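Subject: Structure handover

Hello,

Here is the structure I promised to pass on. Please open it and keep it beside this email while you read.

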Amino acid sequence: AELHTLASVHSPLTILALGGEAARTTGKKSLKKCFRFQGELTVWPSSPPEPSSIPSSQGGTAGGNTGAGLPLEIPTFYSFHPAYLDTRRNPSASRSVGDHLSVLVSHLQGTNPLHRHTQTVATQRHLPPPPTHGDHLSLDIETYGKLEGLPEQRAFQPYKMEHLDGCPRSRMIATVALSWIDPTAGGLTSSAASWTPETECWLHAHLQRAVERDTLLLGKNTLFDLMVLRYCSPLVRSALRPFRTHIWDLALTSYFDDPERPEKGLKELSVLFGRGAYAELPDQRHPSPTSPALLAYNIEDTEKTLDLELFLSDRVAKLSPGTRRLSPYCREFYSDVLWSLLLMSEAGVALDIPGLADLERRLMRGMASIHCMAEDRENLLLSGKGSPVSQRDYVKTLWEHTGLDAPLTKTGLVALKAEDCDDLRERLSRLPNYAPDLDRGLRFLQAFKKLQKLHSTY
């Protein structure tokens, strides 16, 4: 009802949702899932205005959707709650908040291209490799999960894709797309094709040229694409030489620009930096690998990856003058790291099951021992029913010894984070009447949580 009243007074209306609770009111499951929907229209349920509602100051309603019984469609933007930037939580996220607000400001100024879908219908073509691909060759594949009539893709390792999903190697790859900057052809050039023997030869020729010219092979989720190509095609595998072919992932450049950035996927990054939204739903399936819409989607991935790589590299250089994070040495170093990860993923990592079982027994015994000592000596419960209340009451009592109020969480409960407990122990040690047994229970609590963390990790 309040939104309908606001929409009748202020037209057009824009919403900025701050924090997880606000994000969930828009129908999304979590704040992080909202970041790919920056600026999209959120449909708010119909709620007829009261008879006494104020008429619009501009003689109309917001988008014509504020009448009685009609739902509202309002552009909605998302960011972290201001409390998230508190020095005790995550102050370094302020950079991400600034990027979110920039998207909002661009929308309000009318310069936001979020909904200008530039996707065009693409046709299959095998453009020959140019004399040079420039500094980057952007590569992307689409797999059987995009095609109707093939198994749903649940695995993302080639061996598992074949044996768990039941997809044969010959049908594992649907399409392949390449994009590069070709000055002789007027700038950005792209080419895409369905997976056929002819496409294998075409891709092999491009990769051979990239290796000869020391071109950086770029992608988003590069390891998956290269692993599938090497698994499905011995010819392509011969061109993708470990530690010889220089590979790169857009996620690295994004991390160098802002390590705290919550947007990880290509779609979210495209929206965040105004590179346009995708015209297709991520889970849309196509009738054939030669579908023009699928080829266009594949090309859109490679073009946006290349565009974002150039944009973010330039931004890193401008914001951090003299940085060596994207120097040739660092690019080669991270390329070798990516190759190491790829080869490990291909071979698989054998887990020592007996060793893990023995580790679990030792950790469980350690936690049980600490639990018993804390309960016997301090009447402090470290696990089981009532343990959260017992721990917070105990820590609150210790804070009272210091004469300070206990720090609280966002929901108003006594904070039990490691940094808060460390701060409390330091303050207790400065007290004139400090005795070693004063914070004994706190030491039990910290030791128990350390073992608990190790247990959950392994």
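At about what angle to strand 8 does helix 12 run? Helix 12 (residues 328–347) runs at about 90 degrees to strand 8. Helix 12 lies across strand 7 as well as strand 8. Bear in mind that this is a predicted model.

Helix 9 (residues 250–257) also lies across strand 7 and strand 8. Its angle to strand 8 is about 55 degrees.

Now the sheet. It is open and has 5 strands, in the order 6-5-4-7-8. The pairing is mixed. Strand 6 (187–194) and strand 8 (247–249) are the edge strands, and each pairs on one side only. On average, neighbouring strands of this sheet are turned by 25 degrees against each other, direction ignored.

Look next at strand 4 (residues 136–143) and strand 7 (residues 216–219). They run parallel and are joined by 3 bridges. Leucine 137 stands opposite leucine 217 in strand 7. In general, strands of a sheet pair through backbone hydrogen bonds, either parallel or antiparallel.

Last, one residue to find: threonine 305. It sits in helix 11 (residues 292–319). Is threonine 305 buried or exposed? Its relative accessible area is 3%, so threonine 305 counts as buried, the cut-off being under 20%. Its side chain reaches the backbone oxygen of aspartate 301 at 2.7 Å. Leaving out residues up to four places away in sequence, threonine 305 touches Ser138, Leu218, Gly219, Lys220, Leu250 and Leu266.

Best wishes

Terms used: Residues are numbered from 1 along each chain as its sequence is written. This is a predicted model: local features need pLDDT of at least 70, side-chain atom pairs count only at pLDDT 80 or more; totals for chains, interfaces and linings use all residues. Side-chain values use heavy atoms; hydrogens and water are left out. Helices (H or I, at least four residues) and strands (E, at least two) are DSSP runs, numbered from the N terminus. Buried means under 20% relative accessible area, exposed over 50%, partly exposed in between (1.4 Å probe, protein chains only). A polar contact is a pair of N or O atoms within 3.5 Å; within protein, one must be able to donate a hydrogen and the other to accept it, and residues adjacent in sequence count only if both atoms are side-chain atoms. Contact means heavy atoms within 4.5 Å. Two strands pair if DSSP finds at least two bridges between them. Axes are lines fitted to C-alpha atoms, for helices over the stretch in contact, and angles run from 0 to 180 degrees between N-to-C directions.
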